[in-house]
Amino acid sequence: HRAALRYLHHLAQIAVPTAHPMVTATLAGIRREAKETLPRQKTALTWDRLVRVVEAISPHDLVGARDRAILLIGFAGAFRRSELAALKVDDITVDEDGMQIRLGRSKGDPQRKGALIGIPRGLTRNCPVLAYETWLRQTGITEGPVFRRIWSARDRRAGATPVGTPPRIGPHALSDRAVTDIIRKRCGDTHLEGDFGGHSLRRGAITTGAKDGYDLLELKRFSRHKSLQVVETYIDEASIKARHPGRSRF
């Protein structure tokens with residue numbers, strides 16, 4: 001640190017090199033470069049991409065039903081991976097209009113104020129509410145964690161899968177890392193190009209909203225960001241070409 005170097009040189013009663021104009025100019029250049037370098041972001045799993053992914057997943061087996069629900073609910077609620085992993089059945093209320101999710105503590109809510117998230121019931125087979133209902137119906141889960149590990153039914157002694165024995169649903173919630181792995185695997189299965197990860201669903205939902213014309217305040221409310229400045233980066237990314245001043249002139 002520059003101040004620490006200055007202090008140590010004063011103690012030693014020798015010239016302070018940090019006061020030299022060349023040092024000052026060099027440090028200023030480093031700061032400018034750091035500010036101007038955009039952090040690498042995960043690829044946004046926008047709605048068009050998400051549809052390609054979930055359409056390739058069968059809802060008729062347990063793993064497929066779970067993964068479809070994770071992807072569709074994660075997008076619809078702009079959830080962080082940790083928030084998805086922490087969801088419990090008691091947090092969710094479903095009616096004919098859709099679902100309400102009571103979100104507890106999360107990265108954006110360290111004071112545990114919570115947030116109420118509404119997801120409307122859709123009309124297509126890619127409705128998040130339908131995906132959630134399908135997952136619960138197939139598993140019989142009525143309490144505890146919503147998204148859990150699925151164990152294949154194997155007779156460990158014989159090393160074979162007994163005929164007619166269904167997979168076993170674990171009692172514990174998936175980890176946030178497991179949610180990331182599911183997103184990556186499903187995007188890879190569909191051969192989508194990009195660097196997908198745990199933030200791709202959240203980023204994709206906000207980016208899709210920006211492309212659809214929702215304003216800054218609406219997106220901030222939807223994403224539960226504390227800062228408008230953060231949300232603005234999604235809008236800038238979504239409209240960098242669509243709203244270019246020369247678009248109608250080129």
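User: Before I look at single residues, what does it take for a residue to count as exposed?

Analyst: A residue counts as exposed when its relative accessible area is over 50%, as buried when that area is under 20%, and as partly exposed in between. In this structure, which is a predicted model, His191 has a relative accessible area of 67% and is therefore exposed. His191 sits in the loop between helix H7 (176-189) and H8.

User: Is Ala78 buried or exposed?

Analyst: The same cut-offs apply here: Ala78 has a relative accessible area of 0%, so this residue is buried. Ala78 also belongs to a loop, the one between helix H4 (62-76) and helix H5 (81-86).

User: What can I learn from the sign of phi at Ala78 and at His191?

Analyst: As a general idea, most residues other than glycine have a negative phi. Ala78 is not a glycine, yet its phi is positive, at about 50 degrees, and His191, likewise not a glycine, has a positive phi of about 60 degrees.

User: How should I read the angle between helices H8 and H9?

Analyst: An angle over 145 degrees counts as roughly antiparallel. Helix H8 (residues 200-211) packs against helix H9 (residues 216-223) at about 155 degrees, with the two axes 10 Å apart, and H8 and H9 are therefore roughly antiparallel to each other. Their crossing is right-handed.

User: Which residues of H8 and H9 meet?

Analyst: From H8 come Arg202, Ala205, Ile206, Gly209 and Ala210, and these meet Leu219, Phe222 and Ser223 of H9. Sorted by class, this contact has five nonpolar, two polar and one charged residues.

User: What does Tyr214 touch, and where does Tyr214 lie?

Analyst: Tyr214 lies in the loop between H8 and H9. Leaving aside residues up to four places away in sequence, Tyr214 touches Gly209 and Leu219. With a relative accessible area of 46%, Tyr214 is partly exposed. The C-alpha atoms of Tyr214 and Ile235, which are 21 residues apart along the chain, are separated by 9.2 Å.

User: What does the protein chain look like as a whole, in terms of helices and strands and of buried residues?

Analyst: The secondary structure of the protein chain comes to 10 helices and five strands, and buried residues make up 38% of its 250 residues. Among contacts between residues at least 6 apart in sequence, 59% join residues at least 24 apart. The accessible surface of the protein chain comes to about 15900 Å², and 54% of that surface belongs to carbon and sulfur atoms.

How values were computed
Residues are numbered from 1 along each chain as its sequence is written. This is a predicted model: local features need pLDDT of at least 70, side-chain atom pairs count only at pLDDT 80 or more; totals for chains, interfaces and linings use all residues. Side-chain values use heavy atoms; hydrogens and water are left out. Axes are lines fitted to C-alpha atoms, for helices over the stretch in contact, and angles run from 0 to 180 degrees between N-to-C directions. Helices (H or I, at least four residues) and strands (E, at least two) are DSSP runs, numbered from the N terminus. Angles under 35 degrees count as roughly parallel, over 145 as roughly antiparallel, 65 to 115 as roughly perpendicular and the rest as oblique. A crossing is left-handed if the near helix is turned anticlockwise from the far one by less than a right angle, and right-handed if clockwise. Contact means heavy atoms within 4.5 Å. Ala, Val, Leu, Ile, Met, Phe, Trp, Tyr, Cys and Pro count as nonpolar, Asp, Glu, Lys and Arg as charged, and the others, Gly among them, as polar. Buried means under 20% relative accessible area, exposed over 50%, partly exposed in between (1.4 Å probe, protein chains only). Accessible areas come from the Shrake-Rupley method with a 1.4 Å probe; for residues, only the protein chains shown count as cover.
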